[in-house]
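Trainee: I have a new model open and would like to go through it with you. Could you start with whatever term I need for reading the contacts?

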Amino acid sequence: MLPNGQFRFVFTASDFEKSKAFYLNVIGAGIDHEWDFGPADRGICLTAGAGMIEIFPTAPGELYLQPQGVSMLIEVADVDAAYEHAVQADAEVVVPTADYPWGQRIARFKDPDGIVVSLFTPIKA
């Protein structure tokens with residue numbers, strides 16, 4: 001295992017543009033790179049903390065399989081501001097912002113494919 005290797009969360013979206021908009025406009029991820037060489041070779045890599053989120057559209061003729069049993073936890077500078085921003089952008093709230101005993105303040109949302117995306121800020125002791 002590479003101690004400083006890159007980590008990517010990769011999934012195929014049911015609606016590529018909708019998922020792309022969610023991660024850019026609701027979650028606030030940045031674009032690392034994007035490509036479009038046609039319907040069967042298209043995608044985007046987004047920056048999210050120390051990792052990346054890579055999204056592909058469902059290729060023509062392929063069966064879409066909804067991601068199951070996965071979620072994301074992304075550290076943000078101010079989870080309360082991120083929560084308000086996401087709510088104003090009509091994100092589906094799973095759990096409103098709350099403090100947890102392990103030292104994090106967390107808000108949870110669902111992305112367009114049903115993936116639970118949790119945003120957190122460490123609680124200062």
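Mentor: Contact here means heavy atoms within 4.5 Å. Please also keep in mind that this is a predicted model.

Trainee: Okay, so which residues does L119 touch, leaving out those up to four places away in sequence?

Mentor: Not counting residues up to four places away in sequence, L119 touches I27, I74, V76, V79, A82, R105, I106, A107 and F109.

Trainee: And which residues touch the most other members of the largest nonpolar core?

Mentor: That core has 27 residues, and the ones that touch the most other members are F11, Y23, I53, I55, M72, V117 and L119. At least two core residues come from each of β1 (8-13), α1 (16-26), β3 (42-48), β4 (51-57), β5 (71-75), α2 (79-88), β7 (104-110) and β8 (116-122). As general background, nonpolar side chains tend to be buried together in soluble globular proteins.

Trainee: Let's stay with V117 for a moment. Where is V117 found, and is V117 buried or exposed?

Mentor: V117 is found in strand β8, and its relative accessibility is 0%, so V117 counts as buried. Leaving out residues up to four places away in sequence, V117 touches F22, Y23, I27, M72, I74, A107, R108, F109 and D111.

Trainee: How far apart are V117 and A81 in space?

Mentor: Their C-alpha atoms are 16 Å apart, while in sequence V117 and A81 are 36 residues apart.

Trainee: Stepping back, how many helices and strands does the protein have?

Mentor: The secondary structure comes to two helices and eight strands, and read along the sequence these follow the pattern β-α-β-β-β-β-α-β-β-β. The radius of gyration is 15 Å, close to the 14 Å that the globule rule gives for 125 residues, so the protein is as compact as a globular protein of that length.

Trainee: What does the C-alpha trace span along the principal axes?

Mentor: The C-alpha trace spans about 50 × 35 × 25 Å along those axes. Of the 125 residues in the protein, 38% are buried, and the accessible surface comes to about 7,500 Å², of which carbon and sulfur atoms hold 54%.

Trainee: What share of the contacts is between residues 24 or more positions apart?

Mentor: Taking the contacts with a separation of 6 or more, residues 24 or more positions apart account for 50% of them.

Trainee: Changing topic to charges: how many positive and negative side chains are there?

Mentor: There are 8 positive and 17 negative side chains in the protein, and the centres of the two sets lie 4 Å apart.

Trainee: I'd also like to look at T97. Is T97 buried or exposed?

Mentor: T97 is in strand β6 (residues 92-100), and T97 is buried because its relative accessible area of 17% is below the 20% cut-off. Beyond residues up to four places away in sequence, T97 touches V79, D80, Y83, R105, I106 and A107.

Trainee: Now the loops. What is the phi of D90?

Mentor: D90 has a positive phi of about 65° although D90 is not a glycine. For background, most residues other than glycine have a negative phi. D90 has its place in the loop between α2 and β6, and at 70% relative accessibility D90 counts as exposed.

Trainee: There's another loop, between β4 and β5. Which residues is Y64 in contact with, aside from its neighbours within four places in sequence?

Mentor: With those neighbours set aside, Y64 is in contact with T12, A13, S14, T58 and D113. Y64 counts as partly exposed, at 25% relative accessibility, and Y64 is 29 Å from G5, C-alpha to C-alpha, with their positions 59 residues apart in sequence.

Trainee: And what about Q66, which residues is that one in contact with, leaving aside neighbours within four places?

Mentor: Q66, found in the loop between β4 and β5 as well, is in contact with D113 and G114 once those neighbours are left aside. The C-alpha atoms of Q66 and G114 are separated by 7.7 Å, although these residues are 48 residues apart along the chain. At 45% relative accessibility, Q66 counts as partly exposed.

Trainee: Last one: is K18 buried or exposed?

Mentor: K18, which is found in helix α1, counts as exposed at 52% relative accessibility. The C-alpha atoms of K18 and L73 are separated by 20 Å, and these two are 55 residues apart along the chain.

Conventions. Residues are numbered from 1 along each chain as its sequence is written. This is a predicted model: local features need pLDDT of at least 70, side-chain atom pairs count only at pLDDT 80 or more; totals for chains, interfaces and linings use all residues. Side-chain values use heavy atoms; hydrogens and water are left out. A nonpolar core is a set of buried Ala, Val, Leu, Ile, Met, Phe, Trp, Tyr and Cys residues joined through side-chain atoms within 4.5 Å. Buried means under 20% relative accessible area, exposed over 50%, partly exposed in between (1.4 Å probe, protein chains only). Helices (H or I, at least four residues) and strands (E, at least two) are DSSP runs, numbered from the N terminus. The radius of gyration is taken over C-alpha atoms; the globule rule is 2.2 Å times the number of residues to the power 0.38. Accessible areas come from the Shrake-Rupley method with a 1.4 Å probe; for residues, only the protein chains shown count as cover. Lys and Arg count as positive and Asp and Glu as negative; His and the chain ends are not counted. The place of a charge is taken as NZ of Lys, CZ of Arg, CG of Asp or CD of Glu.
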